[in-house]
Amino acid sequence: MTKFLSFIAAWLLAVPALAQVDCNAGLEPIDTAADFTLSARDYIKTIVANEHKFIKALGSYGYSVDIKVETLQGETVDGEFHRLSVVGFDSSGARRETVAEGAQNTLARFKLSDKDISVLGDPMSFALTPDSFADRDVVYSGRQKLDGSNLAIFDILPRSDKDFGHAFGGRTWVRGRDSAIVRTCGRSADYPVSAMRFEVSRAQVAGEEYFPVLARGDEDTPVDGQPVRIRVTVKYFDYKAKP
């Protein structure tokens with residue numbers, strides 16, 4: 001079992017030839033001997049509670065979102081969807097999205113669905129829910145320094161080499177003071193565009209809340225039986241509390 005979990009962790013986090021997002025790029029080595037107050041057993045309960053709080057808090061904030069989805073031949077961009085929008089609240093308090101002028105779509109080898117756009121535009125899409133841990137094992141892997149903080153690493157791994165399913169599989173970086181997730185890197189069949197690996201960075205942008213500020217994916221994805229390199233970059237910024 002230990003060998004299998006190690007193999008799956010390597011599969012989830014290593015950089016295959018057809019992927020350009022490296023979960024470990026630019027990071028210091030993991031201190032596997034460092035302990036952490038939160039056990040792997042308690043991780044799910046604590047993280048699910050924190051993520052529920054995060055989703056609830058985010059529902060009271062507006063924000064701007066810049067979505068860019070590109071197809072590439074090698075390093076040459078041959079198609080692009082780009083849209084900037086502002087999500088806010090109307091006079092009745094209902095959430096409204098306003099798309100800025102100048103949105104473009106020159107994608108030819110890949111069709112981006114309205115659902116994909118909607119999911120990418122919502123920072124809640126990358127939150128970890130109870131379903132994210134379905135048929136998963138949580139493994140504490142040590143501590144790693146990131147942006148001046150010494151974060152705990154928990155890997156979320158499938159229990160079978162035959163069933164990766166729709167739940168999240170990958171790595172999470174957790175702040176010790178309040179067990180808040182500040183970064184995730186992994187894949188899920190429920191993710192937008194495709195089941196590519198997404199790296200999602202969060203920042204403390206509103207009080208004590210850590211909200212997503214960047215989501216990115218870059219991977220060859222089968223389209224009509226042919227691999228198409230798709231690069232996704234989504235920036236969330238200018239968070240504003242509901243009036």
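These legends walk through several close-up views of a predicted model.

**View 1. A disulfide joins C23 to C185.** Start with the two sulfur atoms, which are 2.1 Å apart. The count for this structure comes to one disulfide. With -75° about the S-S bond, the link of C23 and C185 is left-handed. C23 lies in the loop between α1 (2–13) and α2, while C185 belongs to strand β8 (residues 181–187), so the bond ties together parts that are 162 residues apart in sequence. Are these cysteines buried or exposed? C23 is buried, with a relative accessible area of 0%, and C185 is also buried, at 0%.

**View 2. E199 sits in strand β9 (residues 198–206).** This glutamate is buried because its relative accessible area, 7%, is under 20%. Which side chain does the side chain of E199 meet in a polar contact? Look for R216, at 2.4 Å. The residues that E199 touches, leaving aside those up to four places away in sequence, include V21, R183, T184 and L214. Another of them is C185, the cysteine joined to C23 in the first view.

**View 3. Helix α2 covers residues 40–58.** Its 19 residues reach 26 Å from the first C-alpha to the last, close to the 27 Å expected at 1.5 Å a residue. Follow the helix along and you will meet its buried residues: Y43, I47, V48, E51, F54, A57 and L58. Keep F54 in mind, as R202 lies over the face of its ring, at 4.6 Å from the ring centre.

**View 4. F54, Y61, Y63, F211, Y236 and Y239 form one aromatic cluster.** Here is F54 again, now with its partners in the cluster. Across the whole structure, a search finds 13 aromatic pairs. In one of them, the rings of Y63 and Y239 have their centres 5.8 Å apart and their planes at 40°, so the pair is tilted. Y63 is in strand β1 (residues 61–73) and Y239 in strand β11 (residues 226–241), which makes this a link between distant parts of the chain, 176 residues apart. Y63 counts as buried at 5% relative accessibility, and Y239 does too, at 12%.

**View 5. Y191 and F198 make an edge-to-face pair.** Their ring centres are 5.5 Å apart and their planes stand at 85°. Both Y191 and F198 are buried.

**View 6. R183 lies over the face of W173.** The distance from the ring centre is 4.3 Å. You have come across R183 already, among the residues that E199 touches.

Notes:
Residues numbered from 1 in each chain as written. Predicted model: local features only at pLDDT ≥ 70, side-chain atom pairs only at ≥ 80, totals over all residues. Heavy atoms only, no water. Helix = DSSP H or I, 4+ residues; strand = E, 2+ residues; numbered from the N terminus. Buried < 20%, exposed > 50% of the residue type's maximum accessible area, 1.4 Å probe, protein only. Polar contact = N/O pair within 3.5 Å; in protein donor to acceptor, adjacent residues only side chain to side chain. Contact = heavy atoms within 4.5 Å. Expected span 1.5 Å × (residues − 1). Disulfide = S-S within 2.5 Å. Phe/Tyr/Trp six-rings, centres within 6.5 Å; stacked < 30°, edge-to-face > 60°. Lys NZ or Arg CZ within 6 Å of the ring centre and 35° of its normal.
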